[in-house]
Amino acid sequence: MTVAWLTLLWLLPAAGAVVAAALPRMARWTGSVTALGALAISVGLAVAFDPASGFQFVESRQWIPSFGAGYRLGLDGTALVLVLLTTALVPVLLLAQRERSAGYTALTLAVQSLVLLSFVTTDVLLFYLVFEAMLIPLYLLLNGFGGTGSERRVRTRAAVKFLLYNLAGGLVMLSAVIALYRVAGTFDLRVLLDGARPGPGTAQDLIFLGFMVAFAVKAPLWPLHTWLPGAAVQTTPPTAVLMMAVVDKVGTFAMLRYCLTLFPDAAARFAPWVAGLAVVGIVYGAILAIGQSDVMALIAYTSISHFGFIILGIFARTPDSQAGSVLYMVNHGVATAALFLTAGYLVARRGSRRIEDFGGVWSRAPRFGAVFLIAGLATLSLPGLGPFVSELLVVVGTYPRWAVAAIVAVTALVLSALYVLWTYQRMFTGPVSEPVERTVDDARGRELVVLVPLIVALLGLGVFPGPALDVIGPAVAPTTTEVTR
């Protein structure tokens, strides 16, 4: 009997969410077991995965025959690395959350389940439904669990803005999904790739734009990014990491999976415009990060800059740039988690998010200082750490197509060095203020269990990126062949 591993992958955290909500006293145990179980399944899939093949562990069942919709799952190399990222981060985030309530655990597992299903489905309609459904538990997390200094009124406004932006993008995508079915007569991704997709012309352009708007909001791409900083600052650090490191990757993943493969001519036509917005986002995010006085807002704006790099590499449509973008998704997720969680621990101790309220933290908390420094250096792409390899591939792959865009994007490296090192200097060096002396102490056992694996991952991906690239390369090769013009 063949085991439906991909169904089990997303269904396990979904079942865990139900159990955690129904049995609050067992929520902590349930969350840990189901999150680790999903991680074990994803590792098993990775071990059995053959990079030279296409979609693997395929499942296909009829769902709504009259609409041509089915329950169709499959795993390629791009989805595999993002599945591993998701299943590796969620146990860390459950452990990092200070208030381990049943509601938080259930909602986090629900988000994980829907994200995993979005990565492995090969049915366009099912993807759309999951794409929209994940907004509900994430909205409840953003609105229901506030970070240090969060005000209920402000948090609610940020959560509603997040929801409205993403629902608006989803509504545009729904129109495109319906149009795609009217033109192609199927939602099966593999059938569409075999020749049923829309041909070149106005229809393909409009459907591409419908998908692209939704994914650009989710990613987020400038100027559709404005919901992100408020949502990231007002919620708890683990929820902010879940949103930026996991959920937002669905947007960039979908650009590769759907926009470029289903609408290659439209993707080639609009690529320079998307790349231009991505470059603006790279520089814009870095400049605004420099001007932040709130450490959590600073990290949020750095993510806008990094997503610009990811999207630029995707639409440069070269093997190096797209492989770098997929690897960048993983590296950004790990680096952001380390930076945000470390800052969150310090903010919780100090009771303030303002950078100027710190100073001399290294003398009180050298372990936190070391983790923040390494994660910060990863953010500015220091050689030897994971993001360096991915950012280098994006720039090298983009340069032959758009030399000016690549050169402008590289300027963000200088800006990132400024905001990372200046923030580190203000928070960790100099004399210790009396409030810091009184409130801040060093990382404890559980906090080290959360942070150390993230640093190890950054070092491992920086020194040994080969295994990840060996999986990613064959997965993006058909995309670059199909849409290169």
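**Exercise 1. State which residues of α5 and α6 meet, and determine how the two helices are oriented.**

*Solution.*
Step 1. In α5, the residues F131, E132 and A133 meet L135, I136 and P137 of α6. The model examined here is a predicted one.
Step 2. Sorted by class, this contact of α5 with α6 comprises five nonpolar residues, no polar residues and one charged residue.
Step 3. Helix α5 spans residues 124–133 and helix α6 spans residues 135–144; their axes come within 5 Å and cross at roughly 10°.
Step 4. Angles under 35 degrees count as roughly parallel. The crossing angle therefore makes α5 roughly parallel to α6.

**Exercise 2. Determine whether α13 and α19 are roughly parallel or roughly antiparallel, and describe their contact.**

*Solution.*
Step 1. Helix α13 (residues 264–290) packs with helix α19 (residues 403–428) at an angle of about 15°, and their axes are 9 Å apart.
Step 2. The two helices α13 and α19 are therefore roughly parallel to each other.
Step 3. The handedness must also be given: α13 and α19 form a left-handed crossing.
Step 4. On the side of α13, the contact involves V279, I282, V283, A286, I287, A289 and I290. Their partners in α19 are A405, V408, A409, T411, A412, L415, L418, Y419 and W422.
Step 5. By class, the contact of α13 with α19 holds 15 nonpolar residues, one polar residue and no charged residues.

**Exercise 3. Carry out the analysis for α11 and α15.**

*Solution.*
Step 1. Helix α11 covers residues 237–247 and helix α15 covers residues 319–350; they pack at an angle of about 165°, with axes 9 Å apart.
Step 2. Angles over 145 degrees count as roughly antiparallel. Helices α11 and α15 are therefore roughly antiparallel to each other.
Step 3. The crossing in which α11 passes α15 is right-handed.
Step 4. From α11, the contact uses P237, P238, A240, V241, M244 and A245. From α15, it uses H332, G333, T336, A337, F340, L341 and G344.
Step 5. The residues of this contact of α11 with α15 divide into nine nonpolar, four polar and no charged.

**Exercise 4. Describe the largest pocket: its volume, its lining and the elements that supply the lining.**

*Solution.*
Step 1. The volume of the largest pocket is about 700 Å³.
Step 2. Its lining has 29 residues, and those closest to the centre of the pocket are L84, L85, A88, V334 and A457.
Step 3. Two or more lining residues come from each of α2 (27–48), α3 (77–96), α15, α21 (445–463) and α22 (466–483).
Step 4. The element that gives the most to this lining is α3, with 10 residues.
Step 5. By class, the lining of the largest pocket consists of 27 nonpolar residues, one polar residue and one charged residue.

**Exercise 5. State how many cavities of 30 Å³ or more the structure holds, and characterise the largest cavity.**

*Solution.*
Step 1. The structure holds three cavities of 30 Å³ or more.
Step 2. The largest cavity contains about 70 Å³ of space.
Step 3. The residues lining the largest cavity are I299, T302, H306, Y328, N331, H332, A335, T336, L339, T379 and P387.
Step 4. At least two lining residues are supplied by each of α14 (295–316) and α15. Helix α15 gives the most to this lining, with six residues.
Step 5. The lining of the largest cavity divides into five nonpolar residues, six polar residues and no charged residues.

Definitions and conventions
Residues are numbered from 1 along each chain as its sequence is written. This is a predicted model: local features need pLDDT of at least 70, side-chain atom pairs count only at pLDDT 80 or more; totals for chains, interfaces and linings use all residues. Side-chain values use heavy atoms; hydrogens and water are left out. Axes are lines fitted to C-alpha atoms, for helices over the stretch in contact, and angles run from 0 to 180 degrees between N-to-C directions. Helices (H or I, at least four residues) and strands (E, at least two) are DSSP runs, numbered from the N terminus. Angles under 35 degrees count as roughly parallel, over 145 as roughly antiparallel, 65 to 115 as roughly perpendicular and the rest as oblique. A crossing is left-handed if the near helix is turned anticlockwise from the far one by less than a right angle, and right-handed if clockwise. Contact means heavy atoms within 4.5 Å. Ala, Val, Leu, Ile, Met, Phe, Trp, Tyr, Cys and Pro count as nonpolar, Asp, Glu, Lys and Arg as charged, and the others, Gly among them, as polar. On a 1 Å grid over the protein atoms alone, a cavity is a set of points where a 1.4 Å probe fits but cannot get out, and a pocket is an open set with protein on both sides within 12 Å along at least five of seven lines; lining residues have an atom within 4 Å of a point. Grid points are joined across faces, edges and corners, and a volume is the space filled by probe spheres set on the points.
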